[in-house]
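Please look over the sequence and the model below before reading on. The paragraphs after it go through helix packing and burial.

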Amino acid sequence: MQISEILPTDGVKMLSSTSSKKRLFQDLGDLAESCYGLTPARVVEALLEREGLGPTGVGHGVALPHARLEGVERVRGLFIRLDKPLEFDSIDRQPVDLVFCLLAPGGSGVEHLKALALVSRTLRDTATCQKLRANADAGTLHTILTEGPATQAA
């Protein structure tokens with residue numbers, strides 16, 4: 001699996017700021033609607049439900065919100081880079097500016113976990129994160145994510 005298989009070019013967005021985690025999830029819901037035809041409210045509800053189990057801020061300014069949704073036929077990705085970092089209850093208590101969201105089919109298991117591991121490895125790479133933070137163009141962000149060295153590992 002490669003990030004290019006789960007993240008379309010139009011699934012990448014730059015936001016100057018957002019007021020809260022819930023507002024960020026609404027932005028992800030809107031992006032999921034435009035990319036995949038999903039109902040934004042269902043996406044937000046699923047992300048909030050998953051977040052209730054424990055925060056998905058993994059540290060170093062990175063969050064990996066994810067959820068399973070009926071009606072999603074395969075693992076799908078969305079990426080948002082925030083110009084102004086957002087408090088996210090991350091494990092290292094640092095605000096988040098890189099957000100990679102995964103949406104998976106309701107009954108998915110291995111594919112969802114493989115995608116989560118792939119994205120996690122990619123965003124653990126310091127050089128990749130530096131490049132993402134240094135660019136504001138959605139096309140460039142997509143290229144960085146899909147051509148990074150970690151994409152070959154899964």
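What follows treats two helix pairs, the burial pattern of one helix, and one exposed residue.

The model is a predicted one. Two packed helices are described by the angle between their axes and the distance between the axes. The first pair to consider is helix H2, residues 21–36, and helix H3, residues 40–51, which pack at an angle of about 135° with their axes 8 Å apart. Because angles over 145 degrees count as roughly antiparallel, this pair does not reach that class, and H2 is oblique to H3. The crossing of H2 and H3 is right-handed.

On the H2 side, the contact is made by Lys21, Lys22, Phe25, Gln26, Leu28, Gly29, Asp30, Ala32 and Glu33. H3 contributes Pro40, Val43, Val44, Leu47, Leu48 and Glu51. Sorted by character, the residues of this contact between H2 and H3 comprise eight nonpolar, two polar and five charged.

Helix H3 also holds glutamate 49. Is this residue buried or exposed? Glutamate 49 has a relative accessible area of 59%, and exposed means over 50%, so glutamate 49 is exposed. Its C-alpha atom is separated by 9.9 Å from that of histidine 66, and the two residues are 17 residues apart along the chain.

The next element is helix H5, residues 126–133, in which Thr128, Cys129 and Leu132 are buried. Seen down the axis of H5, these buried residues fall within an arc of 95°, so they line one face of the helix. An α-helix has 3.6 residues a turn, so residues three or four places apart point the same way. The face of H5 turned away from the buried side carries the exposed residues Thr126 and Gln130.

Which elements do the buried residues of H5 pack against? Three are strands, namely S3 (62–63), S5 (76–86) and S6 (96–105). The others are helix H4 (110–124) and helix H6 (138–147).

The packing of H5 with H6 can be described in the terms used for H2 and H3. H5 and H6 pack at an angle of about 170°, with their axes 9 Å apart. That angle is over 145 degrees, so H5 is roughly antiparallel to H6. In this contact, Thr128, Lys131 and Leu132 of H5 meet Leu141, Ile144 and Leu145 of H6. The residues of the contact of H5 with H6 divide into four nonpolar, one polar and one charged. Thr128 and Leu132, both in this contact, are also among the buried residues of H5.

Technical notes
Residues are numbered from 1 along each chain as its sequence is written. This is a predicted model: local features need pLDDT of at least 70, side-chain atom pairs count only at pLDDT 80 or more; totals for chains, interfaces and linings use all residues. Side-chain values use heavy atoms; hydrogens and water are left out. Axes are lines fitted to C-alpha atoms, for helices over the stretch in contact, and angles run from 0 to 180 degrees between N-to-C directions. Helices (H or I, at least four residues) and strands (E, at least two) are DSSP runs, numbered from the N terminus. Angles under 35 degrees count as roughly parallel, over 145 as roughly antiparallel, 65 to 115 as roughly perpendicular and the rest as oblique. A crossing is left-handed if the near helix is turned anticlockwise from the far one by less than a right angle, and right-handed if clockwise. Contact means heavy atoms within 4.5 Å. Ala, Val, Leu, Ile, Met, Phe, Trp, Tyr, Cys and Pro count as nonpolar, Asp, Glu, Lys and Arg as charged, and the others, Gly among them, as polar. Buried means under 20% relative accessible area, exposed over 50%, partly exposed in between (1.4 Å probe, protein chains only). The arc is that of the directions from the helix axis to the C-beta atoms.
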